[in-house]
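Open the structure in your viewer and keep the sequence panel beside it. We will go from stop to stop, and at each one you will get something to select.

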Amino acid sequence: MKTIALLLASAATLGLASQALAADVVYQEPAAPIAVAPVVNWTGLYLGIQGGGAFNPDNGDNLAIVPNFTGAGATFLTNAFGSNFSTEFQSSFIGGAHIGYDYQAGNFVVGALADINALDIAQRASAFSNTPAVYTAERSLDYLVTGRLRAGYLVTESALLYATGGFAYGEVDYRFGTNSPAVTAAFPALVNTNEDEWGYSVGGGMEVKVTQNISFGAEYLYTNLGDSGSFTRLNGGPFDGAAAAVVPGQFTDFRSQGDFDFHTVTAKLSYRFN
């Protein structure tokens, strides 16, 4: 009986000790996971659309009357026009699509892009003679393609400020018309030709990533397609220096002066595959 009593006392002592040790154990809740913001990455391919306006507020294009003869005929022709010229530029909406690729190195981003745009701009120059008659030359453009490089600096990890430049291409339509009775019957009242013109586009802009894959930006470009080779050559009457007879090899050219250039401002939306 003493032995049994001793065993029961030992078991009770061990139970009390175990409860005391258990009371000293501290249980901690697992730490909540910390959200890590994704790193903004500009390297990769992107596609997008753009839209805005095309305009030229400083339009100095005029018609040059260039006779290839001298004497009384040339003097008469010059006096007939004097300084009676006018010029206008037809602005338009511009819109299209673009594709490009960027590479990021630290805070610097370099890349290349190409775009195609639809627009409807025109540059018209008119000369008014005292006969009276009107002579009008028009150069117009209904689509524009550019291929450009661009380089920029990240002012923040999501905002890119950049410069860009490269080639520009478009098919320029040339039209010339007149109501002059002095134009020979063999010459059509309207000339209409198309020419492929190459030039350049330069400018800059800012692009902001609103998500990892979506970016929005604004871009300005100055585009110059050159002075083109379009002109109209008239002969007969005062245009060949003789009022009564046509002199072989003499004529008068009506030439558009100045480059066919304009400005564009567009908003751009892009999807980035990165």
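Of the 274 residues in this protein, 39% count as buried, where buried means under 20% relative accessible area, exposed over 50%, and partly exposed in between (1.4 Å probe, protein chains only). Residue numbers start from 1 along each chain as its sequence is written, and side-chain values use heavy atoms, with hydrogens and water left out. The model is predicted: local features need pLDDT of at least 70, side-chain atom pairs count only at pLDDT 80 or more, and totals for chains, interfaces and linings use all residues.

**The whole chain**

Show everything as a cartoon. You should find two helices and twelve strands, in the order α-β-β-α-β-β-β-β-β-β-β-β-β-β along the sequence. Helices (H or I, at least four residues) and strands (E, at least two) are DSSP runs, numbered from the N terminus. A contact here means heavy atoms within 4.5 Å. Among contacts between residues at least 6 apart in sequence, 75% join residues at least 24 apart.

**Helix 2**

Now select residues 72-81, which form helix 2. Which of its residues are buried? They are Gly73, Ala74, Leu77, Ala80 and Phe81. These residues sit on the same side of helix 2 because they cover an arc of only 125° around the axis, the arc being that of the directions from the helix axis to the C-beta atoms. Turn the helix around, and the face away from the buried side shows the exposed residues Ala72, Thr78 and Asn79.

Add strand 2 (63-67), strand 5 (108-129), strand 6 (133-156) and strand 11 (252-256) to see what the buried residues of helix 2 pack against. Just after the helix, click on Gly82, which takes a positive phi of about 55°.

**The largest nonpolar core**

A nonpolar core is a set of buried Ala, Val, Leu, Ile, Met, Phe, Trp, Tyr and Cys residues joined through side-chain atoms within 4.5 Å. The largest one has 16 residues; show Leu63, Phe81, Tyr135, Phe176, Leu234, Phe239 and Phe254 as sticks, as they touch the most other members. Helix 2, strand 5, strand 6 and strand 7 (159-178) each give two or more residues to this core. Apart from it lies another core, of twelve residues, among them Phe89, Leu141, Ala168 and Leu225.

Back at Phe81, look for its partners: leaving out residues up to four places away in sequence, Phe81 touches Ile65, Ala127, Phe128, Ser129, Tyr135 and Phe254.

**A three-stranded sheet**

Next, select strands 2, 11 and 10, which form an open sheet in the order 2-11-10 with antiparallel pairing. Two strands pair if DSSP finds at least two bridges between them. Strand 2 and strand 10 (231-234) stand at the edges with a single partner strand each, so one side of each is left without a neighbour in the sheet. From one strand to the next, the twist averages 20°.

Strand 10 and strand 11 are joined by four bridges; to see one of the pairs, pick Arg233 and its bridge partner in strand 11, Asp253.

**Last stop: Leu269**

Finally, go to strand 12 (residues 261-273) and select Leu269. Is Leu269 buried or partly exposed? Leu269 counts as partly exposed, because its relative accessibility is 42%. Around it you can pick out Leu47, Gly48, Ile49, His98, Ile214, Ser215 and Phe216, which Leu269 touches when residues up to four places away in sequence are not counted. To finish, draw a distance between the C-alpha atoms of Leu269 and Lys209: they are 60 residues apart along the chain and separated by 10.0 Å.

Terms used
Axes fitted to C-alpha atoms, helices over the stretch in contact; angles between N-to-C directions.
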